[in-house]
Amino acid sequence: MIIDSVAPAIKRQRFTTVDPMDLESAKVKLAAAKEKFGCEIRVFETASASSAPPEVSSNVSEEPEDFYEFTPEDYYRLLGTKKEEKHLKTKKIREAEEAARRARMTKAVIRVRFPDNYILEATFHPSEKIQSLLDLLMKVIAHPELPFYIYTTPPKKQIKDVSQDFYSAGFIPGAVVYFSYDLPKGDDGAAASGSYLQEEVLSLQGLDSMIEKVEPGEPSRDESPARNPPASVEDQKPAADKKKIKPKWLKL
């Protein structure tokens with residue numbers, strides 16, 4: 001019996017069927033959004049809704065307090081390392097290394113998490129200012145007339161210096177920030193009643209996933225990988241079945 005070892009691999013392949021019209025429409029929408037807002041953006045929703053940033057779980061084992069104490073040994077070890085680096089590398093070398101590290105960074109992927117569980121992902125150049133992120137939020141939020149701010153956590157720290165670029169702020173290769181309206185308690189009812197993002201922006205949700213599912217070079221349903229045909233029964237006959245020929249020098 002001949003067993004085809006390629007067949008199981010074919011059965012395990014997953015084929016994604018995407019309507020070409022839907023795929024083209026998704027590409028056009030994302031391209032139009034990039035043209036309108038000035039950068040690539042994605043929208044998706046997290047698994048569980050939460051109006052507050054995630055906190056550290058209480059059941060996670062914590063180190064004892066003395067674990068975080070800065071001992072004299074740590075101080076002298078750190079001081080010795082810095083002195084060694086100072087003597088080994090000149091200022092010009094350090095600046096050149098920093099410039100090389102910065103040149104390797106080509107993008108900063110920033111995710112803005114909203115209290116209604118939606119996340120806006122935007123791609124910037126590392127040299128762009130944080131102000132460009134605020135300018136983008138003014139274009140995409142549902143109530144740009146209301147004051148707002150962004151912050152990082154933990155611990156909660158409002159981002160006030162928006163003149164920094166993403167590289168200097170440490171937002172490389174990416175970072176997660178949180179959005180909040182800067183309103184007194186009790187006055188944010190109208191803002192919190194609806195979506196934080198505009199409907200036009202929310203309509204982009206899932207479009208990037210549709211495009212990513214269709215990978216270039218993926219075989220279609222009608223195509224099957226080339227494989228060698230199984231050997232015929234005649235080719236598999238043992239050599240013992242062939243007629244034996246006696247050599248001429250053999251005399252019995």
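How many salt bridges does the count come to in this structure? The count comes to 4 salt bridges, and since we are looking at a predicted model, I will take you through them with the values as computed from that model.

As a general reminder, side chains of opposite charge can pair when their charged atoms come close.

Let me start with K36, which forms a salt bridge with E200, where the closest N and O atoms are 2.8 Å apart. K36 lies in helix α2, residues 20-37, while E200 lies in helix α7, residues 199-202, so this pair ties together parts that are 164 residues apart in sequence. As for their surroundings, K36 is partly exposed, at a relative accessible area of 49%, and E200 is likewise partly exposed, at 41%.

The next pair is E40 with K34, whose side chains meet in a salt bridge at 3.5 Å, taken from N to O. Here E40 has a relative accessible area of 44%, which places E40 in the partly exposed class, and K34, with 42% relative accessibility, also counts as partly exposed.

I now turn to the strands, and to the side chains of E121 and R111, which meet in a salt bridge with an N to O distance of 2.6 Å. E121 sits in strand β3, residues 118-124, and R111 in strand β2, residues 108-113, so that the pair ties together parts that are 10 residues apart in sequence. Which of the classes, buried or exposed, does E121 fall into? E121 is buried, with a relative accessible area of 6%, whereas its partner R111 counts as partly exposed at 33% relative accessibility. This pair also belongs to something wider, in that R42, R111 and E121 are linked in a network of salt bridges.

Before I stop, I would like to leave the charged pairs and show you one further residue, S180, which is found in strand β6, spanning residues 174-181. With a relative accessibility of 18%, S180 counts as buried, because the cut-off for that class is under 20%. Which residues does S180 contact, once its neighbours within four places in sequence are left aside? S180 is then in contact with F148, Y149 and Y151.

To bring the charged residues together once more, the helix pair K36 and E200 ties together parts 164 residues apart in sequence, and the strand residues R111 and E121 are linked with R42 in a network of salt bridges.

Terms used:
Residues numbered from 1 in each chain as written. Predicted model: local features only at pLDDT ≥ 70, side-chain atom pairs only at ≥ 80, totals over all residues. Heavy atoms only, no water. Buried < 20%, exposed > 50% of the residue type's maximum accessible area, 1.4 Å probe, protein only. Helix = DSSP H or I, 4+ residues; strand = E, 2+ residues; numbered from the N terminus. Contact = heavy atoms within 4.5 Å.
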